[in-house]
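Me: I'm new to this one, so could you walk me through it with some questions and answers?

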Amino acid sequence: MTKNQFRLVSILPFLFCVGVLSYALYVEHVMFLMPCNLCILQRVVFVGIGLWYLIACFKPAQFWGRKLIGVLLLLTTVCGIAISGRHVWMQGLPPELVPDCGPSIEMMMDTSPLWDVLKNVLSASGNCADIQWQFLGMSMPTWTLISFIGLFIYTLIWMFVRIEKS
């Protein structure tokens, strides 16, 4: 693979993340489905993944740099898998076991440190268990979980692609 082909392979996941985030904004602002706290965190992870791949497009495709960005990408996708996995798990709970709804993420950010906000978001907010959107019988968090797993596998392959020296 040439360096230009590698840059194309690096921009595709960035464009995928832009597409996912664009659709999330469409669902929020056109279909008026408000995101829960876990949905917002998943969006942040997609932004992170997209930015790492965008950086990879502009830096030299040397082995060590690609490995470093690859490790950062893997860590970011694992965070996405954990958050969306938690979200899917909450949606599968019986209604009587769903935690009570917590305050909005904006309100928590104003009153609590970041670590406490993350802990509260991942442990509560019963509205995260509501399924308001489905495609092919799967909820949006299930699709994001599949996307994060796909991006994780893509990153593993991306890290070890051979690039021709020129």
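Me: In what order do the elements of the protein run from the N terminus on?

Reply: Keep in mind that this is a predicted model. The protein has 6 helices and 2 strands. Going along from the N terminus, the order is α-α-α-α-α-β-β-α.

Me: What share of the contacts in the protein with a separation of 6 or more comes from residues 24 or more positions apart?

Reply: The chain has 166 residues, and 40% of them count as buried. As for the contacts with a separation of 6 or more, the share from residues 24 or more positions apart is 82%.

Me: How much of the area that the protein exposes do carbon and sulfur atoms supply?

Reply: The protein exposes about 9700 Å². Of that area, carbon and sulfur atoms supply 72%.

Me: Let's turn to the rings. Are the rings of Phe6 and Trp158 stacked or edge-to-face?

Reply: A search of the whole structure turns up 6 aromatic pairs. To describe a pair of aromatic rings, you look at the distance of the centres and the angle of the planes. For Phe6 and Trp158 the centres are 5.3 Å apart and the planes sit at 25°. Planes under 30 degrees apart count as stacked, so this pair is stacked.

Me: Which helices does that Phe6 and Trp158 pair link?

Reply: Phe6 and Trp158 are both buried. They're 152 residues apart, so to speak of distant parts of the chain is fair for this pair. Phe6 is in helix 1 (residues 3–29), and Trp158 is in helix 6 (residues 140–159), which makes the linked elements helix 1 and helix 6.

Me: And the rings of Tyr53 and Tyr154: stacked or edge-to-face?

Reply: Their centres lie 6.2 Å apart, with the planes at 70°. Tyr53 in helix 2 (residues 37–58) and Tyr154 in helix 6 are 101 residues apart, so here too distant parts of the chain are linked. Planes over 60 degrees apart count as edge-to-face, so the Tyr53 and Tyr154 pair is edge-to-face.

Me: Is Tyr154 buried or partly exposed?

Reply: Its ring partner Tyr53 has 0% relative accessibility and counts as buried. Buried means under 20%, and Tyr154 comes in at 28%. So Tyr154 counts as partly exposed.

Me: Which residues do ring pairs link into a cluster?

Reply: Phe6 and Trp158 make a stacked pair, while Tyr53 and Tyr154 make an edge-to-face pair. Ring pairs join these residues into a cluster: Phe6, Tyr53, Tyr154 and Trp158.

Me: Now for the largest pocket. Which element gives the largest share of its lining?

Reply: The largest pocket has a volume of about 620 Å³. Of its 29 lining residues, Cys39, Trp133, Met140, Pro141 and Thr144 are the closest to the centre. Two or more lining residues come from each of helix 1, helix 2, helix 3 (63–92) and helix 6. The largest share, 7 residues, is from helix 1.

Me: How many residues of the lining of the largest pocket are charged?

Reply: By class, the lining has 18 nonpolar and 9 polar residues. The number of charged residues is 2.

Me: How far apart are the C-alpha atoms of Ile83 and Thr144?

Reply: Ile83 is found in helix 3, and at 12% relative accessibility it counts as buried. Along the chain, Ile83 and Thr144 are 61 residues apart. Their C-alpha atoms are separated by 9.6 Å.

Me: Leaving aside its neighbours within four places in sequence, which residues is Ser139 in contact with?

Reply: Ser139 is found in strand 2 (residues 138–139). With a relative accessible area of 4%, Ser139 is buried. Beyond its neighbours within four places in sequence, its contacts are Gln91, Ile131, Trp133 and Gln134.

Technical notes
Residues are numbered from 1 along each chain as its sequence is written. This is a predicted model: local features need pLDDT of at least 70, side-chain atom pairs count only at pLDDT 80 or more; totals for chains, interfaces and linings use all residues. Side-chain values use heavy atoms; hydrogens and water are left out. Helices (H or I, at least four residues) and strands (E, at least two) are DSSP runs, numbered from the N terminus. Buried means under 20% relative accessible area, exposed over 50%, partly exposed in between (1.4 Å probe, protein chains only). Contact means heavy atoms within 4.5 Å. Accessible areas come from the Shrake-Rupley method with a 1.4 Å probe; for residues, only the protein chains shown count as cover. Rings of Phe, Tyr and Trp (its six-membered ring) pair if their centres lie within 6.5 Å; planes under 30 degrees apart count as stacked, over 60 as edge-to-face and the rest as tilted. On a 1 Å grid over the protein atoms alone, a cavity is a set of points where a 1.4 Å probe fits but cannot get out, and a pocket is an open set with protein on both sides within 12 Å along at least five of seven lines; lining residues have an atom within 4 Å of a point. Grid points are joined across faces, edges and corners, and a volume is the space filled by probe spheres set on the points. Ala, Val, Leu, Ile, Met, Phe, Trp, Tyr, Cys and Pro count as nonpolar, Asp, Glu, Lys and Arg as charged, and the others, Gly among them, as polar.
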